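Please take a moment to look over the sequence and the three-dimensional picture below before reading on. The paragraphs that follow move through the structure one part after another.

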Amino acid sequence: MKILLNEREEEFNADSISVTEMLILKKFSYKLRIIKVNGVLISKELYDSTTINDGDIVHMLYLMSGG
Amino acid sequence: MKLSEIRTHLSKFRVGIAGAGGLGSNSAIALARSGVGTLVICDFDSVEDENLTRQYFFTSQIGMKKTAALSENIQRVNPETVVLVHEKQITYSDVAEIFKGCDVIVEAFDRADMKEMFITSVLNTLPGVPVIAASGLAGWGKSNEIKCRKIDDSLYVCGDESTSACDDLPPLAPRVAMVANMQANVVIDILMSTD
């Protein structure tokens, strides 16, 4: 499956993956972040149950301290 | 468009600023100078000597509540700006009440967990109101790494999205003010295309 992740094309060897699986596969370990799938904010409790499918648009924002 | 027309247009709008530290104080001043009509500012903290390395306060204001000190500074640069302050530490459920009626909101927290909480709350409880977040502004140099990214109509982020502030890499005035002014610039860009 192919998705757009932060405007870049990414390919995964599966028909669909959960948000949690995507984070593991991409080694996105930093915990303070905002994730949107197809324009919808995904809260942390829903990472396991939200699936990402072929053609989906995913945005992830890491929140760095300072300000 | 002439300056007077731009200022007349911007005077119609209300902008929320969550946090009155490095990001909040600098973006508030830029927005006030530009002519934004009303600023809603929320912070619970007081001005300390250490803040003056990057926050828009003065030595005579040490010990004052940041909301009061920033109000004073805003009125000095633009007496016509209406400033509404909330002297409290924001929680998830306060956001909609404090920032209701705002056309755009600036996320100006220091702690990453507060940023996450706040952005999540705005997106969930004030749908349709764009939030301009900041992420990654510590240290010095690397000016070209500071960018503005539009995620969608409801979420923008300014910063380098990688440098985390800590004791060995503190935030300094130039990069902090660059990101804060970039946030203010995004706000004005949005307002200039809003009726």
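Which residue is the bridge partner of Ala133(B) in E7(B)? Keeping in mind that this is a predicted model, we can answer that the partner is Val157(B). This bridge belongs to the pairing of strand E5 (residues 131–134) of chain B with strand E7 (residues 155–159) of chain B, two strands that pair in the parallel sense over four bridges.

From this one pair we can widen the view to the sheet in chain B. Seven strands make up this open sheet, and following them across gives the order E3-E2-E1-E4-E5-E7-E6, with mixed pairing. Strand E3 (82–86) and strand E6 (147–152) of chain B stand at the edges, and each has a single partner strand, so one side of each is left without a neighbour in the sheet. Going from one strand to the next, the twist averages 20°. Helix H5 (residues 112–125) of chain B packs on the sheet, where it touches strand E1 (14–18), strand E4 (104–107), E5 and E7 of chain B, and the direction of the helix makes about 165° with that of E5(B).

Strand E4(B) deserves a slower look, with its partners taken in turn. E1(B) and E4(B) run parallel and are joined by four bridges, and here Ile17(B) stands opposite Val106(B) in E4(B). E4(B) and E5(B) also run parallel, joined by two bridges, and in this pairing Val106(B) stands opposite Ile132(B) in E5(B). Val106(B) can thus be traced to Ile17(B) in one pairing and to Ile132(B) in the other. As for the side chains, Val104(B) and Val106(B) point one way from E4(B), while Ile105(B) and Glu107(B) point the other way, and all of them are buried.

We turn now to aromatic rings. Over all chains, the count comes to five aromatic pairs. In one of them, the rings of Phe28(A) and Tyr62(A) have their centres 6.3 Å apart and their planes at 85°, so the pair is edge-to-face. Phe28(A) lies in the loop between helix H1 (19–25) and strand E4 (33–37) of chain A, whereas Tyr62(A) lies in strand E7 (residues 57–62) of chain A, so the pair ties together parts that are 34 residues apart in sequence. In chain B, the rings of Tyr56(B) and Phe58(B) have their centres 6.0 Å apart and their planes at 90°, so this pair is edge-to-face as well. Tyr56(B) is partly exposed, with a relative accessible area of 26%, and Phe58(B) is partly exposed too, with a value of 39%. Returning to chain A, ring pairs link Phe28(A), Tyr30(A) and Tyr62(A) into a cluster.

Some further details of chain A concern its backbone. Asn6(A), placed in the loop between strand E1 (2–5) and strand E2 (8–11) of chain A, has a positive phi of about 45° although it is not a glycine. With a relative accessibility of 26%, Asn6(A) counts as partly exposed. Asn38(A), which lies in the loop between E4 and strand E5 (40–41) of chain A, likewise is not a glycine and yet has a positive phi, here of about 50°. At 43% relative accessibility, Asn38(A) counts as partly exposed.

Leu4(A) lies in strand E1 of chain A and, at 35% relative accessibility, counts as partly exposed. When its neighbours within four places in sequence are left aside, Leu4(A) is in contact with Glu9(A), Asp56(A), Ile57(A) and Val58(A). Leu4(A) and Ser43(A), for their part, are 39 residues apart in sequence and 20 Å apart in space, C-alpha to C-alpha.

Finally, we come to where the two chains meet. The size of an interface is often given as the accessible area lost when the parts come together. Chain A and chain B bury about 1,900 Å² between them, with 59% of it on carbon and sulfur atoms. This contact takes 19 residues from chain A and 29 residues from chain B. Two salt bridges are found across the interface of chain A and chain B. In addition to these totals, we can point to a salt bridge in which the side chains of Lys44(A) and Glu116(B) meet, at 2.4 Å from N to O.

Terms used: Residues are numbered from 1 along each chain as its sequence is written. Chains are lettered from A and ligands numbered from 1 in the order in which they are written. This is a predicted model: local features need pLDDT of at least 70, side-chain atom pairs count only at pLDDT 80 or more; totals for chains, interfaces and linings use all residues. Side-chain values use heavy atoms; hydrogens and water are left out. Rings of Phe, Tyr and Trp (its six-membered ring) pair if their centres lie within 6.5 Å; planes under 30 degrees apart count as stacked, over 60 as edge-to-face and the rest as tilted. Buried means under 20% relative accessible area, exposed over 50%, partly exposed in between (1.4 Å probe, protein chains only). Two strands pair if DSSP finds at least two bridges between them. Axes are lines fitted to C-alpha atoms, for helices over the stretch in contact, and angles run from 0 to 180 degrees between N-to-C directions. Contact means heavy atoms within 4.5 Å. Buried area is the accessible area (1.4 Å probe) that two parts lose on being put together, summed over both. A salt bridge is a side-chain nitrogen of Lys or Arg within 4 Å of a carboxyl oxygen of Asp or Glu.
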